[in-house]
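Here are my notes on this model, written as I went through it. Have the structure open beside you as you read.

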Amino acid sequence: MKMLLVTSGHLKKGQTSGAALEPIAAQASAAGSPWIQTREELQDKLLRQGFLLLNAALVFRPHVPPLKEAKAWQPLMQAVLAALAAQAEKDKATLPTMVLWGKAAELLSGLP
C-alpha cells in the first residue's frame, strides 16, 4: 500500500512512517471518501479490471512450514494457470501477467 501511495503522490518517497500515513488514513476513512472502504469493494474493483488474486497455498497450517504447504498446492496452481493460458489463447488475448510476492509465490515461477 505504501508503494501505491508513493507512486500516486499521496506519500513522498522515504516518508512512509505511521505518522505520515495518519492523515491519509483519516481522509480515506472519512464519510463520503472516494477511497475503497471494504475488502469486498477492493475485490470487486480488481475483478472489473481483470485481476485475479491467488495465494500460492490456499491453506496454511501452523504445524506445516509455509514453503512445504505451497509445494503441495503446486499441481492445483499449475492447473489454474494452464486454464487461464488456454482461455487467453482461445480468446486470442495476451497471456495473463503474474506478480509474485513472497517466497511461496516464487515457487510458481518455475511452472510452465
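A quick definition to start: a salt bridge here is a side-chain nitrogen of Lys or Arg within 4 Å of a carboxyl oxygen of Asp or Glu. This is a predicted model, in which local features need pLDDT of at least 70 and side-chain atom pairs count only at pLDDT 80 or more, while totals for chains, interfaces and linings use all residues. Residues are numbered from 1 along each chain as its sequence is written, and side-chain values use heavy atoms, with hydrogens and water left out.

1. **The Arg 61 pair.** Arg 61 and Glu 69 form a salt bridge, with 3.0 Å between the closest N and O atoms. How exposed or buried are the two partners? Arg 61 is partly exposed, at 38% relative accessibility, whereas Glu 69 is buried, with just 4%. For those labels, buried means under 20% relative accessible area, exposed means over 50%, and partly exposed is what lies in between (1.4 Å probe, protein chains only).

2. **Around Glu 69.** Glu 69 sits in helix α4, residues 66–90. Helices (H or I, at least four residues) and strands (E, at least two) are DSSP runs, numbered from the N terminus. Setting aside neighbours within four places in sequence, Glu 69 is in contact with Ala 57, Val 59, Phe 60, Arg 61 and Val 64. Contact means heavy atoms within 4.5 Å.

3. **The other salt bridge.** The structure has two salt bridges, and Asp 44 with Arg 48 is one of them, at 2.2 Å from N to O. Both residues are in helix α3 (residues 39–48), four residues apart, or about one turn of the helix. An α-helix has 3.6 residues a turn, so residues three or four places apart point the same way. Asp 44 is partly exposed at 34% relative accessible area, and Arg 48 is exposed at 62%.

4. **Helix α4 along its length.** α4 has 25 residues and reaches 35 Å from its first C-alpha to its last, close to the 36 Å expected at 1.5 Å a residue. That expected span is 1.5 Å times one less than the number of residues. Where is the kink in α4? There is one of about 45° at Gln 74, shortly before the proline Pro 75. The bend at a residue is the angle between axes fitted to the seven residues ending there and the seven starting there.

5. **The buried side of the story for α4.** The buried residues of this helix are Glu 69, Ala 70, Gln 74, Met 77, Leu 81 and Ala 88. What do they pack against? Their partner is α5, residues 103–106.

6. **Lys 92.** Just after α4, have a look at Lys 92, in the loop between α4 and α5. Its phi is near 55°, a positive value in a residue other than glycine. Lys 92 is exposed, at 76% relative accessibility.

7. **Ser 33 and its loop.** Ser 33 is in the loop between α2 (18–29) and α3, and it is buried, with a relative accessible area of 16%. A polar atom of the Ser 33 side chain lies 3.1 Å from the backbone nitrogen of Trp 35. That is a polar contact: a pair of N or O atoms within 3.5 Å, where, within protein, one must be able to donate a hydrogen and the other to accept it, and residues adjacent in sequence count only if both atoms are side-chain atoms. Not counting residues up to four places away in sequence, Ser 33 touches Gln 27 and Ala 28.

8. **Ala 28.** Ala 28 belongs to helix α2 and is buried, at 16% relative accessibility. Beyond four places in sequence, Ala 28 touches Ser 33, Trp 35 and Gln 37. Ala 28 and Val 99 are 71 residues apart in sequence and 26 Å apart in space, C-alpha to C-alpha.

9. **The whole chain.** The chain has five helices and zero strands. Its radius of gyration is 18 Å, well over the 13 Å that the globule rule gives for 112 residues, so the chain is more spread out than a compact globule. The radius is taken over C-alpha atoms, and the rule is 2.2 Å times the number of residues to the power 0.38. The C-alpha atoms fill a box of roughly 45 × 40 × 25 Å along the principal axes. Of the 112 residues, 16% count as buried.
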